[in-house]
Amino acid sequence: MNSNLAKIDRTNEHYTFELARGVKRTTVTFRNHFGIELAADLYTPEDSRVKRENDSLCKSPALAISGPFGAVKEQSSGFYANQMASRGYIALAFDPSYTGESGGEPRYMNSPDINTEDFMAAVDFLSIRENIDPEKIGIIGICGWGGMALNTAAIDTRIKATVASTMYDMSRVTANGYFDSANNAEARHQARKALMTQRIEDFKAVQAGGTYKLGGGVVDPLPEDAPYFVKDYYDYYKTPRGYHERSLNSNGGWNVTAATSLLNTKLLAYAEEIQSAVMVLHGEKAHSRYFGEDAFKRLTGDNKELVIIPGASHTDLYDGGKNNAIPFNKLAEFFAKYLK
């Protein structure tokens, strides 16, 4: 089977964080059910070995991690994987379909269906490794992938615990605008008309040998009157703190028409039916906090937890920010409780 991974120039390869002591990072690939090959980094504690005790294998719990929406595994998802591996978990940080080093054409597209499948394919990959217990697998979704994680937890019964960190509901923000400011039929109709107009322009461009129009990543240069959360995004994606050459948000962004599926398909349709454990983690000062809190209200059962980090912004939960805001020990305790 030939690889369909993206062709990547690794000349200036880098990660936005340092590998933790005692953690090993290995490049791996796997395919989802749409035939797209995904690129990932597997973070393994160096003292995590397959051991024989009474002729039985001791196997480790594992986590699949992705996000933020428009980021790559060398950014926040790898940071989380690195931290969780340092706490004893085997952790897989992967690039979603059509982005980063993963395959899929055309580039820079997204889909609630395909991206949910990406998470499920990561669980497939982890489930068959000899040093992983398939009954002890959890997932972490960051930012827009927090919503994807909850959507995956609603369908994949193999997942025993989920953390949605600083989550966006990408279908909600696409259809309703920020803070639901455009939540009306006429606004959505106008958005649909604009997308269909762009489809024609994209079709013409591709016929002429060109590519789809990009929507632009984080605004650069940064206007002085930009909203505070846009300034936070800039501080992460456009500075050495979080910039990466393959990150959509650091560069040209998604295709304009990538919003089509999100505008027409609602995530979290069956959030009430998630039986496995869920932690919704958000910053007190995050502009996106309402996504997490509203999603949490829909969850049922006594194995659900809402954690609000005092003083933290949205992007503080990408890499900890200036105050190491991400409570990794609390995450480790949560997974230890439910991955057993």
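What follows is a walk through the fold, the core and a few backbone oddities of this protein. The model is a predicted one, and every value below is computed from it.

Starting with the overall picture, the protein has 10 helices and 10 strands. Its C-alpha trace spans about 65 × 45 × 35 Å along the principal axes. The radius of gyration is 19 Å, which agrees with the value near 20 Å that a compact globule of 340 residues would have. Contacts between residues far apart in sequence make up much of the picture: taking contacts with a separation of 6 or more, 74% are between residues 24 or more positions apart. Of the 340 residues, 53% count as buried. On the outside, the accessible surface comes to about 15700 Å², and carbon and sulfur atoms account for 49% of that. As for charge, there are 38 positive and 42 negative charges, and their mean positions sit 1 Å apart.

Moving inwards, nonpolar side chains tend to be buried together in soluble globular proteins. Here, the largest nonpolar core has 91 residues, and Y80, I140 and F335 are the ones with the most contacts inside it. Helix α2, residues 112–127, supplies the largest share of this core, with seven residues. What does Y80 touch, once residues up to four places away in sequence are set aside? Its partners are I65, I140, I142, S165, L317, Y318, I326, F328 and L331. I140, another of the residues with the most contacts inside the core, is thus among the partners of Y80.

Y80 is also one of the buried residues of helix α1. This helix covers residues 76–85 and is mostly covered, with nine of its 10 residues buried. Those buried are S76, S77, G78, F79, Y80, A81, N82, M84 and A85. Helix α3, residues 144–153, goes all the way: 10 of its 10 residues are buried. Its buried residues include the glycines G144, G146 and G147, along with W145, M148 and L150. Helix α8, residues 289–298, has Y290, F291, G292 and A295 as its buried residues. These pack against α3, against α4 (170–176) and against the strand β9 (277–283).

Two further residues give a closer look at helix packing. P112 lies in helix α2 and counts as buried, because its relative accessibility is 5%, under the 20% cut-off. Leaving out neighbours within four places in sequence, P112 is in contact with M148, N151, S261, L262, T265 and L267. Of these partners, M148 and N151 are buried residues of α3. P112 and R172 are 60 residues apart along the chain, and their C-alpha atoms are separated by 12 Å. F229, in turn, is found in helix α6, residues 228–237. F229 is buried as well, with a relative accessible area of 11%. Not counting residues up to four places away in sequence, F229 touches Y178 and H287. From F229 to F296 the C-alpha to C-alpha distance is 22 Å, with the two positions 67 residues apart in sequence terms.

The backbone has some unusual spots too. Most residues other than glycine have a negative phi, and most peptide bonds are trans. Where does the chain depart from this? One cis peptide bond joins G67 and P68, with omega at about -5 degrees. P68 sits in the loop between β5 (60–66) and α1, the helix that holds the buried Y80. Another cis peptide bond joins E105 and P106, with omega at about 0 degrees. P106 is in the loop between β6 (90–94) and α2.

The loop between β6 and α2 also holds Y98 and Y108, each with a positive phi. For Y98, phi is near 75 degrees, while for Y108 phi is about 65 degrees; neither residue is a glycine. Are these tyrosines buried or partly exposed? Y98 counts as buried because its relative accessibility is 13%, whereas Y108, at 31%, counts as partly exposed. The loop therefore carries a cis bond before P106 as well as positive phi values at Y98 and Y108.

Notes: Residues numbered from 1 in each chain as written. Predicted model: local features only at pLDDT ≥ 70, side-chain atom pairs only at ≥ 80, totals over all residues. Heavy atoms only, no water. Helix = DSSP H or I, 4+ residues; strand = E, 2+ residues; numbered from the N terminus. Rg over C-alpha atoms; globule rule 2.2 N^0.38 Å. Buried < 20%, exposed > 50% of the residue type's maximum accessible area, 1.4 Å probe, protein only. Contact = heavy atoms within 4.5 Å. Areas by Shrake-Rupley, 256 points an atom, 1.4 Å probe, with all protein chains shown as cover. Lys, Arg positive; Asp, Glu negative; His and termini not counted. Charge placed at Lys NZ, Arg CZ, Asp CG, Glu CD. Core = buried A, V, L, I, M, F, W, Y, C linked by side-chain atoms within 4.5 Å.
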